[in-house]
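Got your viewer open and a hand on the mouse? Let's take a walk through this protein, one selection at a time.

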Amino acid sequence: MKTLTQHIKERLIINKNFKQETFKPNNKEELKDYISSKVDELIKNKDDIIDLSNVDLSLISQKPSYDKSLYQIFREPLSKIKNNFITVDVSNWDVTEYDRLDCLFFNCQCVETVIGLETWDVSNVKDFTGFFSQCSNLKNVNVSGWKLHNAMITYAMFFGCQDLKTIKGIDTWEFDDINRIDMMNMFYNCSDLTDIGDIDYWENVVGNKKGMFHNCQQLILPTWY
């Protein structure tokens, strides 16, 4: 029987062989509509991966901060997927100009795996509130190498991700010690979480930690909690 990793690699090879034309949305609504069209394709073809690696965010990135939010862009389109768990490929997304990524995948209960997050430059992002909140079937996340130099809040970032067992690379995050980050409810009810690596070095950046590891019964908690 194939492992999940083998399955994902095979699906990506298939998809990458059919090179997609770059899509450059002018605004958040155009991006949501595009994601919705990809969901329709997935449902029609009975597929299990949405390849969004061809999305170029540069036109949105040029807009004023208040006008380039990616807030909940996935929730409505992915709500059309019933009784199926999918992989979302967001490789190559350039989020360098974004200062908030709050609720990006909020309540996307069909999402099992997200590919490409480890390539993102999130060094300017201040707000990660609810990034994966209520993604109750999320199993695979790789956030290796993220530099949270401007981060101010990771409130409820993985709230309710009850099937998530490991978070690859979270123990490689870089911070600026001058910031105290609100991490309230960050891993709240991640009941299957068993490994996030050694994050004892977070001690100097954690601000509000209330409920941070609530019901994380299988996790070895950091010494400062």
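The tour begins with the whole chain and then stops at strands, a loop, charged pairs and cysteines.

**Before you click**

This is a predicted model, in which local features need pLDDT of at least 70 and side-chain atom pairs count only at pLDDT 80 or more, while totals for chains, interfaces and linings use all residues. Residues are numbered from 1 along each chain as its sequence is written, and side-chain values use heavy atoms, with hydrogens and water left out.

**Stop 1: the whole chain**

Show the cartoon for everything. You should find 4 helices and 5 strands; these are DSSP runs numbered from the N terminus, with helices being H or I of at least four residues and strands being E of at least two. Followed along the sequence, their order is α-α-β-α-α-β-β-β-β.

Now zoom out. Along the principal axes, the C-alpha atoms fill a box of roughly 50 × 45 × 25 Å. The radius of gyration is 17 Å, which agrees with the value near 17 Å for a compact globule of 225 residues. That radius is taken over C-alpha atoms, and the globule rule is 2.2 Å times the number of residues to the power 0.38.

Switch to a surface view. About 11,100 Å² is exposed, and carbon and sulfur atoms supply 47% of that area; accessible areas come from the Shrake-Rupley method with a 1.4 Å probe, and for residues only the protein chains shown count as cover. Buried residues account for 49% of the 225, where buried means under 20% relative accessible area, exposed means over 50%, and partly exposed lies in between (1.4 Å probe, protein chains only).

**Stop 2: the paired strands**

Select residues 86-89, which form strand 2. Are its faces covered or open? Both are covered: Ile86 and Val88 on one side, and Thr87 and Asp89 on the other, are all buried.

Add residues 49-51, strand 1, which pairs with strand 2 in the parallel sense over 3 bridges; two strands pair if DSSP finds at least two bridges between them. Look for Asp51, whose bridge partner in strand 2 is Asp89. Then add residues 111-115, strand 3, which runs parallel to strand 2 and is joined to it by 4 bridges. Here Ile86 stands opposite Val111.

**Stop 3: a buried loop residue**

Pick Leu57, in the loop between strand 1 and helix 3 (58-61). With 2% relative accessibility, Leu57 counts as buried. What touches Leu57 beyond its neighbours within four places in sequence? The contacts are Leu31, Leu70, Trp93, Asp94, Val95 and Tyr98, a contact being heavy atoms within 4.5 Å. Also draw a line to the C-alpha atom of Pro25: Pro25 is 32 residues away along the chain, yet the two C-alpha atoms are separated by 6.7 Å.

**Stop 4: charged pairs**

Side chains of opposite charge can pair when their charged atoms come close. There are 6 salt bridges, each a side-chain nitrogen of Lys or Arg within 4 Å of a carboxyl oxygen of Asp or Glu.

Start with Lys32 and Glu76, whose closest N and O atoms are 3.3 Å apart. Lys32 lies in helix 2 (residues 28-45) and Glu76 in helix 4 (residues 75-78), so this pair ties together parts that are 44 residues apart in sequence. Lys32 is buried at 14%, whereas Glu76 is exposed at 54%.

Next, select Lys80 and Asp40, with closest N and O atoms 2.7 Å apart. Lys80 is in the loop between helix 4 and strand 2, while Asp40 is in helix 2, 40 residues apart.

Then move to Asp192 and Lys165, which meet at 3.8 Å, N to O. Asp192 lies in the segment after strand 5 (174-175), and Lys165 in the loop between strand 4 (147-148) and strand 5. Finally, select Glu112, Lys139 and Asp163, which salt bridges with shared partners join into one network.

**Stop 5: the cysteines**

How many disulfides does the structure hold? The count is 0, a disulfide being a pair of cysteine sulfur atoms within 2.5 Å. For Cys103, the nearest cysteine sulfur is that of Cys135, 10 Å away. For Cys161, the nearest is that of Cys190, at 5.1 Å. Cys161 is buried, with a relative accessible area of 0%, and Cys103 is buried too, at 11%.
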